[in-house]
Structure formats: C-alpha cells, structure tokens
Amino acid sequence: MRKKILAVSNDTGVANDLSNCILRLNDDKKLETVVLSEGPSRTIYESISIRYKTINDYGLNDVTEDSVNHIINKEMPSLILTGFSEGVMLEKYFIDSAKTKNINSFTILGGYTNYLKVVSDSKIKIPFKYMPDFICIMDNFVLEEMLKLNFDRNKLIITGNPYFDNLISLKNSFNKNDMTNIRRGLGLDNEDYLITFFSQALKKVIDNNTDKISKGYNELDVLSMLESSLCELDINNLSLLVKLHPKEDLESTRSAFSGKLNKVFFNRGYDPRKIMIVSDLVTGMFSTSLIESVYLDKDVISIQPNLKVPDTLLMNKLGLIVPVYNQEHLKPTLEKMIYDYSFKEELKQKRSQLRLDGKATERVVNEIYGLLNIN
C-alpha cells in the first residue's frame, strides 16, 4: 500500500507555500497526496490544476476537532502537511489530532510572523499547544528569532520558501515587452509612475474575531494616510494600484479614499508577481508580497502606523524594507524613496546580498521522503 500525505490549507498564503511541493509529490508514484482545501486557498489550487477535497466532500459542514478526527480516520495518512492560516483553526486542529494518532505533522512556515502565536492557542495561554513535529523555515534570521522564543531546535529545518523558487526565473526572463503588455493589461501606460499597495483584510479579521488583538491600524487607516501623503507630493503621472486580498471587501476598501488622487485602481485577480515587477514602488503593511518584491529587486515600504504589537516583518529590521510607524514619517519616506537616488542605490546594494537558489521545494520534499523512509 502506498503511503499517503494529507495536505491541509485555508489561506492563499499557505496554498502558495505548499503548491510546489504538492505538484512535486503528485508526480511520485510511490505516494498518494490528498489535498484538503478550505477558504481562499481553493483559488490557488484551481489556478494551477491541483485537485482538492473540502470538508463537505466528507459529509461535514464545519471545521471542528471532531470533524478533523473524522477526516483523519477516513484518510489514514502517514503524514499531515500544513501551513499556518490566519484567524482559523483548520491546520491547528489537524496538527493537534495528528499528535494523538502518532502521525507526523510537517509544516511549511513561508514567511516572517508571530512565531509563538501560530503554534499556540489564541491568547498564548498554552504555548506550543499546536506545535507540529517539524517546521520548515526560510532562513537563519527566522531560526534565531524562534530559538529566542524557546522553540525546539531539533524541530526546525531551514529549507527556504518553496513558493519563492519561481522568483528567479521570473526575474531573469522579464523584458521590456513584458513590462508594456502587463501595464497595458492593468490599464496603465509605460510613463505612469506605479505605486502598488498590497492590501490585507485586517479589518475583517478583527471584526469577525473578538479575541484578536488589534495591531493599532487596519488597511483603511493605512490607505487613507497613503492617499493624503501622495496627494501632498503631487507626483507626475501617478497611478496607485490597490491589490486586494482574497478576503477583502472591495467597497469597504474603496471607502478609505476621499477622491484626492486622480488614478486609483483596484485589482483582485491579476498575477501579483507580475504587478510587483512592473511597479516603481511597492507598499503594504506586512504582507509576504512585500518580501517577494524585495527578492524581485523592488523598493518597498511597510506602513504600520501606531503599531501596538511587535513588528513581525523581519526585513524591516534588516533594512531591506523601509518601515513607517507613524503618519508624520510617511510623506518624507515616500519622498526619499522616489527622489533620493543615493538612498535607492543603498537599498539596491543591500538587496544584492540576498540569495535564492530555487531549490527550496527540493529540500522540503527530500525532508518528507526522509520522514516517510522513501528512497
């Protein structure tokens, strides 16, 4: 009998982190890989033709500990493969259930986050309650941060993020014709100065989860500040593109704007990486898209005004992304990022030290094979 992997995801970010590995595992005849997808992760799998099941396919309606136990008993996997989704318990329940059944749980942590929070209960009263057997992490910077929080070193594996493997080929293959075609597809001209804001559904997460601690801001606060600052700068041929998060409500986000800017676009479905690569400046809060943009050699600003919790975006601390923590600093930071060419060159030199080898997927899959004793 072939060994089975059950891959579980809810958020798009998790699906992105798992997808390359799932595609590689699907090619292996020694294994059966079953994908359980809930929430917006389904759109990712559909876009790359990965077949998946939902809890409804098991005759279930809700994500509960009992329903998760039912699915595991039905599938009898040898390994649970997950990520960590924001504001839902799906992956955490599977990790917890796997412990009681002596099934290995293997998690890919694709970015920088509140590491203790993702493996604990909502208020971290029970630290490490949902700690998987192994976590694949991005780099030594993440390792150092997690060790400070008393994570078990034996459970942390540095692999890089499989989702970033494709960034190298995209960056190297891109040309001026691609730039023109993508901008045209977005309704933009080549001479437009394009600032992209990668949004996140923070307001909805807080509104729908009363136990969630506010970061001190949400996407509406940040976009309103951004509009005012850009208006004062009066940039020639400015276009602001707001890349909507899958969970985000367009009309709610649109309400952040008062009409001060002439060209504001909203987009949900276009390939975010293509948007990154044609942008002149990338902004956002703490989205993984900001990290990807750095690897694509873009100037990036992280806007997190009145931040009440620790900044989880490690590239802010490393000086690879320029952080803004209050409204007064936003306009001068934007001005510096757009017009100060010596500062832009300094950022470019820092980015040049980053390395991606395109082999993170291979490393993760090899770790899975090792756990399952597959040669």
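The following questions and answers introduce a predicted model, in which local features need pLDDT of at least 70, side-chain atom pairs count only at pLDDT 80 or more, and totals for chains, interfaces and linings use all residues. Residues are numbered from 1 along each chain as its sequence is written, and side-chain values use heavy atoms, with hydrogens and water left out.

Q: Which are the edge strands of the open sheet of six strands?
A: Strands are DSSP runs of E with at least two residues, helices are runs of H or I with at least four, and both are numbered from the N terminus. Two strands pair if DSSP finds at least two bridges between them. The sheet has the order β9-β8-β7-β10-β11-β12 with parallel pairing. An edge strand here pairs on one side only, and this applies to β9 (264-267) and β12 (322-324).

Q: Which residue in β11 is the bridge partner of G284?
A: Strand β10 (residues 281-284) runs parallel to strand β11 (residues 300-303), and three bridges join them. In β11, T283 has I301 as its bridge partner. For G284, the partner in β11 is S302.

Q: Are the residues L281, V282, T283 and G284 of β10 buried or exposed?
A: In a regular strand the side chains alternate between the two faces of the sheet. In β10, L281 and T283 point one way, while V282 and G284 point the other way. Buried means under 20% relative accessible area, exposed over 50%, and partly exposed in between, with a 1.4 Å probe and protein chains only. By this measure, all four of L281, V282, T283 and G284 are buried.

Q: What term describes the angle of α3 to α4?
A: Axes are lines fitted to C-alpha atoms, for helices over the stretch in contact, and angles run from 0 to 180 degrees between N-to-C directions. Helix α3 (residues 65-75) packs against helix α4 (residues 90-100) at about 60°, with the axes 9 Å apart. Angles under 35 degrees count as roughly parallel, over 145 as roughly antiparallel, 65 to 115 as roughly perpendicular and the rest as oblique. Therefore α3 is, with respect to α4, oblique.

Q: Which residues in α4 meet those of α3?
A: Contact means heavy atoms within 4.5 Å. From α3, the residues involved are E65, V68, N69, I71 and I72. Those they meet in α4 are Y93, F94, D96, S97 and A98.
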